[in-house]
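Trainee: Please give me a close look at a single part of this model. I would like the numbers, with the cut-offs behind them.

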Amino acid sequence: MAILVFVESAEGKIKKTSIEAVAYAHALGGPVTAIALGAVDKAELEALGKYGAQKVLHAADEKLNQGVIQAYASVLEKALQDEGADILVLANSSLGTPVAARVATKIGASLASNVVDLPQTSGGFVVKRSIYTGKAFAWVELKNQKKVIGLRKNAAEIKEVGSAAQVTPYAVTLSDADFATHITSSEKATGEVLLPEANIVVSGGRGMKGPEHWGILEELAKTLHAATGCSKPVSDMGWRPHHEHVGQTGVKVAPQLYIAIGISGAIQHLAGVNSSKYIVVINKDPEAPFFKAADYGIVGDAFEIIPKLTEAIKAAK
Amino acid sequence: MKILVCITHVPDTTSKINFTDSNTKFDTTGVQFIIGPYDDYALARAIELKETSGATVTVLNVGLADTEPTLRKALAIGADDAIRVNAEPTDSFFVAAQIAELAKGAGYDLILMGRESIDYNSGVVHGIVAELLGIPSISPVMKLDIDGTKAKLAREIEGGKEYLEVSLPFVAGCQEPIAEWKIPNMRGIMSARTKPLKVVEPKTVDSGVKLQKFELPPPKGSVKMIPADNVGELVNLLKNEAKVL
Ligand SMILES: Cc1cc2nc3c(=O)[nH]c(=O)nc-3n(C[C@H](O)[C@H](O)[C@H](O)COP(=O)(O)OP(=O)(O)OC[C@H]3O[C@@H](n4cnc5c(N)ncnc54)[C@H](O)[C@@H]3O)c2cc1C
Ligand SMILES: Nc1ncnc2c1ncn2[C@@H]1O[C@H](COP(=O)(O)O)[C@@H](O)[C@H]1O
């Protein structure tokens, strides 16, 4: 049961969710080969060995520096064949999920995305998926010999199990059809903690009153090394960029800690945060529905509490 | 231009989710069904394209007869005709195979879907359909402009956006702010009653996945309230009880 893991990188660094994918594959038990596409730091690739990859393939063709879905799917199809691997594991993301869909179709694999835990294998290979936007789970049997598994954040625990892996260059042949879509440009926040990957998220709602008040919230986020998020009306009004909008129709997060400030806790917002391990709610209204979904709550004014909280965290460090 | 819009029939976003039959069936008691919110964006953009460049818009759902009011709603919003593949949408591959079967050779210039369904949340149907048809797929699309046989799109990526160009035909999974949701007006509702809604039987597909059972998350414990003048206690609890700092 050889396993291939597609690892994604950003600014040369392997994404944490991809390291989780390697840890997941290791826990499945097969020999694990990781494959990275485009420019990635060599030391980062070698380090994948520590988390369970016996072998690391690097397709460094510069055409792959941009995440072109069809091209990536073609490379992975070939790599699965070359490695004799039956299982592909990857992290769900704006690139990983569509690539998984295409690869699974090419190789005739059973496909599951949004997988949240290791499979049960006593009667078949059965994975647990998150459904109804985090409101429920489904146990789904993957019946085919070939399987493609897309993981949601926190589906596996990262543990050091080995030492640095050997990195082998992986040559690819790409066709024009692989590049039918042209990425003409991109805008990307750099150096910030990205919302879908963050361990801590500090999120603000309409209770923050206006974009000019986000400074204190960003200061709190910086102190916690957290990503910033917001509710839908906040991004609709253009107070914050769209990619920060959390909820049913936005980003679904699964951090260790979600701090919601001035957000009422509408069911559509909760749908995006209910996989968080701990939730802190700060709201001036004691009746705000969000308190029912919280682990810790403070009733009070955001503009008084946020600076105090930032100070208290700095003091505790 | 011919546009196919694939829509889901899903529980309203405020629905409480429950299961029956020892956690093997979705409990529809008291649940309102809607067009999937992302599919609604896809449909809205298709109707805009129809208004600006004279496209025809077909809506498609893979589902049993109870989804017809949802298809009629799409017709009321402005789609020209509807197709229902008469089958339970058991999983993404099954659904995608039905859609691809209908689209094959039908000459659609554009196939629009939602970025994901809000019941299965797979985010893969567009990719599978596109692979089966051998055309590009792009998702989640926030902006879509057509100029002749070429399209310009913006796609959301982690922490930003990517701009793309592609030739028709292709499949797009849509999300806001691609268009504003449209609400049917009285004239739309009246005309929807007589617009064609074709029912076709599914093709046999072995999708390789089988649902075993559903599960609800454990109920949340009660919230610990901390007085506003004791923020230090919150930090203490986060550090020593939750161990997240
Ligand atoms: C189909 C659909 C999809 C949706 N998807 C999403 C989604 O993905 N994400 C999302 O967020 N919403 C979504 N919504 C919208 C959702 O229903 C709510 O309208 C929205 O979440 C409310 O945002 P809010 O909590 O910021 O604002 P409000 O509901 O206005 O709440 C503001 C809160 O701030 C508090 N407050 C005010 N002043 C202060 C202060 N000084 N200090 C502390 N607290 C203060 C108030 O007590 C209140 O609780 C969706 C709606 C629909 C219909
Ligand atoms: N049963 C269905 N009938 C028609 N379209 C569907 C169906 N299921 C999913 N889709 C389309 O595929 C998109 C992605 O769905 P999913 O892969 O399930 O997240 C949805 O937003 C719809 O546009």
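Mentor: What follows is a close look at chain B, with its links to chain A.

Start with the ground rules. The model is predicted, so local features need pLDDT of at least 70 and side-chain atom pairs count only at pLDDT 80 or more, while totals for chains, interfaces and linings use all residues. Residues are numbered from 1 along each chain as its sequence is written, chains are lettered from A and ligands numbered from 1 in the order in which they are written, and side-chain values use heavy atoms, with hydrogens and water left out.

Now the overall picture. Chain B has 6 helices and 15 strands. Helices (H or I, at least four residues) and strands (E, at least two) are DSSP runs, numbered from the N terminus. Along the principal axes, the C-alpha atoms of chain B fill a box of roughly 65 × 45 × 40 Å. Of its 245 residues, 54% are buried. Buried means under 20% relative accessible area, exposed means over 50%, and partly exposed lies in between (1.4 Å probe, protein chains only). The accessible surface of chain B is about 10,800 Å², and carbon and sulfur atoms hold 52% of that. Areas come from the Shrake-Rupley method with a 1.4 Å probe; for residues, only the protein chains shown count as cover.

Contacts come next. A contact is a pair of heavy atoms within 4.5 Å. Among the contacts in chain B with a separation of 6 or more, 68% join residues 24 or more positions apart.

Then charge. Chain B carries 27 positive and 32 negative charges, and their mean positions are 2 Å apart. Lys and Arg count as positive, Asp and Glu as negative; His and the chain ends are not counted. Each charge is placed at NZ of Lys, CZ of Arg, CG of Asp or CD of Glu.

Look at helix α2 of chain B, residues 68–77. Its buried residues are Thr70(B), Leu71(B), Ala74(B), Leu75(B), Ala76(B) and Ile77(B). An α-helix has 3.6 residues a turn, so residues three or four places apart point the same way. Gly78(B) follows α2(B), with a positive phi near 140°.

Move to Ile17(B). This residue sits in the loop between β2 (9–11) and β3 (19–20) of chain B. Ile17(B) counts as buried because its relative accessibility is 9%. Which residues does Ile17(B) contact, leaving aside neighbours within four places in sequence? Tyr132(A), Lys135(A) and Ala136(A) come from chain A, and Phe26(B) and Leu216(B) from chain B. Leu75(B) is 58 residues from Ile17(B) in sequence and 28 Å away in space, C-alpha to C-alpha.

Other links to chain A follow. Asp295(A) and Lys220(B) meet side chain to side chain in a salt bridge, 3.2 Å from N to O. This pair joins two chains, because Asp295(A) lies in the loop between β16 (278–283) and β17 (296–299) of chain A, and Lys220(B) in the loop between β14 (209–215) and β15 (224–225) of chain B. A salt bridge needs a side-chain nitrogen of Lys or Arg within 4 Å of a carboxyl oxygen of Asp or Glu. Asp295(A) is buried at 17% relative accessibility, and Lys220(B) is partly exposed at 39%. Lys308(A), in helix α8 (residues 302–316) of chain A, touches Ala228(B), Asp229(B) and Val231(B), not counting residues up to four places away in sequence. Lys308(A) is partly exposed, at 40%.

Within chain B, a network of salt bridges links Arg45(B), Glu48(B), Lys143(B), Asp145(B) and Lys182(B). Over all chains, the structure holds 29 salt bridges.

Now the surface. Met186(B), Ile189(B) and Met190(B) form a nonpolar patch there, with about 290 Å² of accessible area together. Patch residues have over 30% relative accessible area and no salt bridge; like charges are joined within 9 Å, nonpolar side chains (Val, Leu, Ile, Met, Phe, Trp, Tyr) within 5 Å. Met186(B) belongs to helix α5 (residues 186–192) of chain B. Met186(B) is exposed, with a relative accessible area of 56%.

Last, Glu233(B) in helix α6 (residues 231–240) of chain B. Glu233(B) is partly exposed, at 29%. Its C-alpha atom is 62 Å from that of Gly148(B), and the two are 85 residues apart along the chain.
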